[in-house]
Amino acid sequence: MQRRQWLGMAALMGLAATAGFHRSALSQATTVQVWKDPNCGCCQLWVEHLQSHGFKVEVRDVGNTAARKRLGMPEKLGSCHTASVGGYVIEGHVPAADIHRLLKERPQALGLSVPGMPIGSPGMDGPEYKGRKDAYDVLLVQKDGSTQSFQRYPGNKRMA
């Protein structure tokens, strides 16, 4: 075998091994535990949003008030579902991209919250809202309950 052929085959084998490693790492999804009301449609849509962005989701259809309190998320930052992932608390309709960023950056914090249920956030973006997107902030919540903006979503100004 000529040297060029051998080098070419070695390079291809290296690429194949790297691609296999990436596929394997991606298939090991991060698990998110979610507490929600069993009858809440927007919560289920948020769960599906997380799943479509690579998270494995374990749902507990028992409501979220007790979980929110147990995990230390202030009630004033509450929403209709509470989650736990990677040592962080996630409250409300937080976009998956922000959860991925949180897990990558690993700030010293309790977690993230989108208080209330802003229209246009993941799970609150169905066809019944006719493309409406309200402005909202994803808040980085500190262990003392203080917050700062982690990500801003400006919304749109649709005329009815």
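What share of the contacts in the protein with a separation of 6 or more comes from residues 24 or more positions apart? The figure is 56%. This is a predicted model, and every value here is computed from it.

## Overall layout

The protein has four helices and seven strands. Along the sequence they follow the pattern α-β-α-β-α-β-β-α-β-β-β. The protein has 160 residues, and 39% of them count as buried. The exposed surface comes to about 9700 Å². Carbon and sulfur atoms supply 54% of that surface.

## Salt bridges

Side chains of opposite charge can pair when their charged atoms come close. The count for this protein is six salt bridges. Three of the six are among those described here. The table lists their closest N and O atoms.

| Salt bridge | Closest N and O atoms |
|---|---|
| Glu 58 with Arg 60 | 3.9 Å |
| Arg 68 with Glu 91 | 3.0 Å |
| Arg 101 with Glu 105 | 3.0 Å |

Start with Glu 58 and Arg 60. Glu 58 counts as partly exposed, at 31% relative accessibility. Arg 60 is also partly exposed, at 31%.

Next comes the bridge between Arg 68 and Glu 91, with its closest N and O atoms 3.0 Å apart. Arg 68 lies in helix α3, residues 65-71, and Glu 91 lies in strand β4, residues 88-92, so the pair ties together parts that are 23 residues apart in sequence. Are these two residues buried or exposed? Both Arg 68 and Glu 91 are buried.

The bridge between Arg 101 and Glu 105 sits within one element. Both residues lie in helix α4, which covers residues 96-105. They are four residues apart, about one turn of the helix. Arg 101 is partly exposed at 28% relative accessibility. Glu 105 is partly exposed too, with a relative accessible area of 47%.

Arg 101 has a second contact of interest. Its charged end sits over the ring of Phe 150, 3.8 Å from the ring centre. Arg 101 therefore appears both in a salt bridge with Glu 105 and over the ring of Phe 150.

## Aromatic pair

A pair of aromatic rings is described by the distance of the centres and the angle of the planes. How many aromatic pairs does a search of the whole structure find? The search finds one. Tyr 136 and Tyr 153 form this pair, and the rings are stacked. Their centres are 4.9 Å apart, with 15° between the planes. The pair links distant parts of the chain, 17 residues apart. Tyr 136 belongs to strand β6, residues 136-141, and Tyr 153 belongs to strand β7, residues 147-153. Tyr 136 is buried, at 8% relative accessible area. Tyr 153 counts as partly exposed, at 23%.

## Cysteines

Why do Cys 40 and Cys 43 not form a disulfide? Their sulfurs are 3.2 Å apart, which is too far for a bond. A disulfide needs the two sulfur atoms within 2.5 Å. For each of the two, the other holds the closest cysteine sulfur. The whole structure has zero disulfides. Both cysteines are nonetheless buried: Cys 40 has a relative accessible area of 17%, and Cys 43 has 0%.

## A buried loop residue

Val 94 is found in the loop between β4 and α4. Loop or not, Val 94 is buried, with a relative accessible area of 0%. Which residues does Val 94 touch, leaving aside those up to four places away in sequence? They are Trp 46, Ile 99, Leu 112, Ser 113, Val 114 and Val 138. Trp 46 is 48 residues from Val 94 in sequence. In space the two are 8.4 Å apart, C-alpha to C-alpha.

## Positive phi values

Two residues other than glycine deserve a look for backbone geometry. Arg 106 has a positive phi, near 50°. Arg 106 is found in the loop between α4 and β5, the latter spanning 111-114. Its relative accessible area is 44%, and Arg 106 is partly exposed. Lys 130 also has a positive phi, near 50°. Lys 130 is found in the loop between β5 and β6. Lys 130 is exposed, with a relative accessible area of 65%.

Technical notes: Residues are numbered from 1 along each chain as its sequence is written. This is a predicted model: local features need pLDDT of at least 70, side-chain atom pairs count only at pLDDT 80 or more; totals for chains, interfaces and linings use all residues. Side-chain values use heavy atoms; hydrogens and water are left out. Buried means under 20% relative accessible area, exposed over 50%, partly exposed in between (1.4 Å probe, protein chains only). Helices (H or I, at least four residues) and strands (E, at least two) are DSSP runs, numbered from the N terminus. Contact means heavy atoms within 4.5 Å. Accessible areas come from the Shrake-Rupley method with a 1.4 Å probe; for residues, only the protein chains shown count as cover. A salt bridge is a side-chain nitrogen of Lys or Arg within 4 Å of a carboxyl oxygen of Asp or Glu. Rings of Phe, Tyr and Trp (its six-membered ring) pair if their centres lie within 6.5 Å; planes under 30 degrees apart count as stacked, over 60 as edge-to-face and the rest as tilted. A charge sits over a ring if NZ of Lys or CZ of Arg is within 6 Å of the ring centre and within 35 degrees of the ring normal.
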